[in-house]
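Here are my notes on the model you sent, set out point by point. I have kept to the sheet, the cysteines, one glutamine and the aromatic rings.

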Amino acid sequence: RGEESAEEALKRRRSCIFDGKAFDTPVYDGERVRAGNVIQGPAILEEKTTTVVVPPSFQCRVDGFKNYLLQKIT
């Protein structure tokens, strides 16, 4: 289990387009993300077999089974 911050899993940042607007987007190593981490969108989580995109105005919580739970924030 980790803290809310996923900073230690951060790999790099890149420019991504959401709804026609460019965002400076953090890219996380999914192997290093821990239960308890909360990642604010926009963000990208890269795993060996999948990529999870967290759009702006969403957040991603990592549960105890390492599921990514996306929730719209208002």
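1. To begin inside the sheet, isoleucine 44 stands opposite valine 53 in β5. Please keep in mind throughout that this is a predicted model, so that each point below is a reading of computed coordinates.

2. Strand β4, which covers residues 43–46, is joined to strand β5, residues 51–54, by four bridges, and the two strands run antiparallel. Alanine 43 has valine 54 as its bridge partner in β5, and the connection from β4 to β5 is a hairpin that passes through four residues.

3. On its other pairing, β4 meets strand β2 (residues 21–29) in the parallel sense, over three bridges. Within that pairing, tyrosine 28 has leucine 45 of β4 as its bridge partner. As a general matter, strands of a sheet pair through backbone hydrogen bonds, and they may do so either parallel or antiparallel.

4. Which strands form the open sheet, and in what order? There are four of them, arranged as β1-β2-β4-β5, and the pairing is mixed. Strands β1 (10–18) and β5 stand at the edges with a single partner strand each, so one side of each has no neighbour in the sheet. On average, and with direction ignored, neighbouring strands of this sheet are turned by 25° against each other.

5. Are the two faces of β4 covered or open? Both faces are covered, since Ala43 and Leu45 on one side are buried, as are Ile44 and Glu46 on the other. I would draw your attention to Glu46 in particular when you look at the strand, as it is one of the buried residues there.

6. A reader who works at the bench may ask about the cysteines, and the count of disulfides here comes to zero. Cysteine 16 is in no disulfide, the nearest cysteine sulfur being that of cysteine 60, 15 Å away; because a disulfide requires the two sulfur atoms to lie within 2.5 Å, this pair does not qualify. Cysteine 60 is likewise in no disulfide, with the sulfur of cysteine 16 as the nearest at 15 Å. Cysteine 16 counts as buried because its relative accessibility is 11%, and cysteine 60, at 0%, counts as buried too.

7. Glutamine 59 lies in strand β6, which spans residues 58–62, and with a relative accessibility of 10% it counts as buried. Its side chain and that of glutamine 40 are joined by a polar contact of 3.0 Å. Once neighbours within four places in sequence are left aside, the residues in contact with glutamine 59 include Val38, Ile39, Gly41, Val54 and Leu69, and among them are also Leu70, Gln71 and Ile73, together with Gln40.

8. How many aromatic pairs does the structure hold? It holds one, formed by phenylalanine 18 and phenylalanine 23, whose rings are 5.9 Å apart centre to centre with 75° between the planes, an edge-to-face arrangement. The two partners fall into separate accessibility classes: phenylalanine 18 counts as buried because its relative accessibility is 14%, whereas phenylalanine 23, at 23%, counts as partly exposed.

Notes. Residues numbered from 1 in each chain as written. Predicted model: local features only at pLDDT ≥ 70, side-chain atom pairs only at ≥ 80, totals over all residues. Heavy atoms only, no water. Buried < 20%, exposed > 50% of the residue type's maximum accessible area, 1.4 Å probe, protein only. Pairing = 2+ DSSP bridges. Axes fitted to C-alpha atoms, helices over the stretch in contact; angles between N-to-C directions. Polar contact = N/O pair within 3.5 Å; in protein donor to acceptor, adjacent residues only side chain to side chain. Contact = heavy atoms within 4.5 Å. Phe/Tyr/Trp six-rings, centres within 6.5 Å; stacked < 30°, edge-to-face > 60°.
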